[in-house]
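Let's take a friendly walk through this structure together. Please have the viewer open as you read.

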Amino acid sequence: MKKLFTLATVLLFLTACISAPSAPQTQVQPASVSPTESQPTLSSAPATSTTGTTLYLSATTHIETKPDSWPYDTEAFLNFLQQTTDAGIRWSIGGDIGWLESAEDAQEIVQRSTAMGAQWDNHAHNPNDLAKIASILSSWGAEPTGVVSGFLIEDFDGLQSSYSDQGYSWSPTMIWGGVVCPGHKDGCDDLSVSLYRPTSSSQFDVHNPAGKLIKLGGGSHQLADAESLAAQIAQGEHPYPVIGYTIMVEPETLRISTSSTDDLDAILAFVERMNTRPFVRWATIEETAQAWVSAGEVAFYIDR
Ligand SMILES: [Zn+2]
């Protein structure tokens with residue numbers, strides 16, 4: 001069923017969603033599919049499905065400003081990242097300003113996870129914090145990616161081309177997800193599997209080839225949905241050169257978001273099953289977008 005995008009006029013971080021009129025919009029028109037001329041430039045040579053698709057799986061966790069989302073135990077959190085990294089997962093992590101500035105173990109977690117190969121995205125629920133988050137991460141030696149995550153679609157038009165703080169300048173290159181209202185309530189979150197360049201806040205799901213920012217929609221973030229997507233790709237559905245999907249873990253529970261069962265063991269078993277698919281690759285969110293660019297930017301929007 002076609003997704004309706006709500007034109008909400010709410011601010012990020014409001015605890016309740018305000019009902020607003022919904023307006024149907026045009027979906028991204030997938031570009032005609034042509035053979036991939038240039039291959040993604042990740043370290044391992046990508047294998048493709050019989051339809052020429054490579055599925056890039058990423059993983060993220062968002063440590064929010066409110067302490068109830070902070071990792072309970074520094075070593076347990078880092079051990080979780082290490083075990084999943086050893087299994088092949090490439091992490092894209094976001095830490096909002098309140099955690100970065102207040103948590104005693106924030107710097108240690110940022111630095112030790114970076115040493116493992118994790119990337120830090122810019123996760124700000126308030127766009128005014130983008131500059132400071134980037135400069136804190138940089139000052140700790142974790143050069144932030146250009147990924148904006150934790151994103152309110154109505155803020156898209158107001159995103160600046162660069163942000164500065166303490167003499168450090170940071171430029172967004174892509175956005176991950178995008179919500180029409182905060183709070184992860186029904187209808188708020190972007191659950192699409194998509195890669196394209198949004199046109200504007202009001203035409204967010206319309207691809208503009210000249211758009212400055214890339215958008216990755218990482219699906220529902222659930223393991224089961226990733227597996228069904230992979231099964232569909234194996235059967236020749238969604239014949240786009242590069243598709244991205246992101247699993248998401250809650251830092252305080254170390255389980256897949258909203259799942260009461262998908263813990264470390266379930267995630268490691270999932271990685272093994274996915275690795276039996278020759279067209280699956282593990283990549284960060286930013287690396288997924290880079291692969292999409294290298295493969296010719298074939299835009300798509302798979303509604304979920
Ligand atoms: Zn957040």
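What follows goes from the chain overall to one helix pair and then to three loop residues.

**The chain overall**

Keep in mind that this is a predicted model. The chain holds seven helices and 15 strands. Of its 304 residues, buried ones make up 45%. The contacts reach far along the sequence: among those between residues at least 6 apart, 79% join residues at least 24 apart.

**A helix pair**

Start with helix H1, residues 74–87, and helix H6, residues 264–274, which pack at an angle of about 10 degrees with their axes 10 Å apart. Angles under 35 degrees count as roughly parallel, so H1 is roughly parallel to H6. The crossing of H1 past H6 is right-handed.

Which residues make the contact? On the H1 side they are Phe80, Gln83, Thr84 and Ala87, and on the H6 side Leu264, Ile267, Leu268 and Val271. By character, the residues of this contact of H1 with H6 divide into six nonpolar and two polar, with no charged ones.

**Three loop residues**

Now turn to some loops. The table gathers three residues, with the elements on either side of each loop and the C-beta neighbour count.

| Residue | Loop between | Other C-beta atoms within 10 Å |
|---|---|---|
| Gln166 | strand E7 (163–165) and strand E8 (168–170) | 12 C-beta atoms |
| His238 | helix H5 (223–234) and strand E12 (242–250) | 18 C-beta atoms |
| Ala295 | helix H7 (285–294) and strand E15 (300–302) | 23 C-beta atoms |

Is Ala295 buried or exposed? A residue is buried if 20 or more other C-beta atoms lie within 10 Å of its own, and Ala295 has 23, so Ala295 is buried. Ala295 also has a partner from elsewhere in the chain to look at: Tyr240 is 55 residues away in sequence, while the two C-alpha atoms are 9.6 Å apart in space.

Gln166 sits in the loop between E7 and E8. Its 12 C-beta neighbours inside 10 Å mean that Gln166 counts as exposed. Its backbone deserves a look too: the phi of Gln166 is near 55 degrees, a positive value in a residue other than glycine.

His238, in the loop between H5 and E12, has a phi near 55 degrees as well, again a positive value in a residue other than glycine. With 18 C-beta neighbours inside 10 Å, His238 counts as partly exposed.

Notes:
Residues numbered from 1 in each chain as written. Predicted model: local features only at pLDDT ≥ 70, side-chain atom pairs only at ≥ 80, totals over all residues. Axes fitted to C-alpha atoms, helices over the stretch in contact; angles between N-to-C directions. Helix = DSSP H or I, 4+ residues; strand = E, 2+ residues; numbered from the N terminus. Parallel < 35°, antiparallel > 145°, perpendicular 65-115°, else oblique. Left-handed = near helix turned anticlockwise from the far one by under 90°. Contact = placed C-beta atoms within 7 Å. Nonpolar A, V, L, I, M, F, W, Y, C, P; charged D, E, K, R; others polar.
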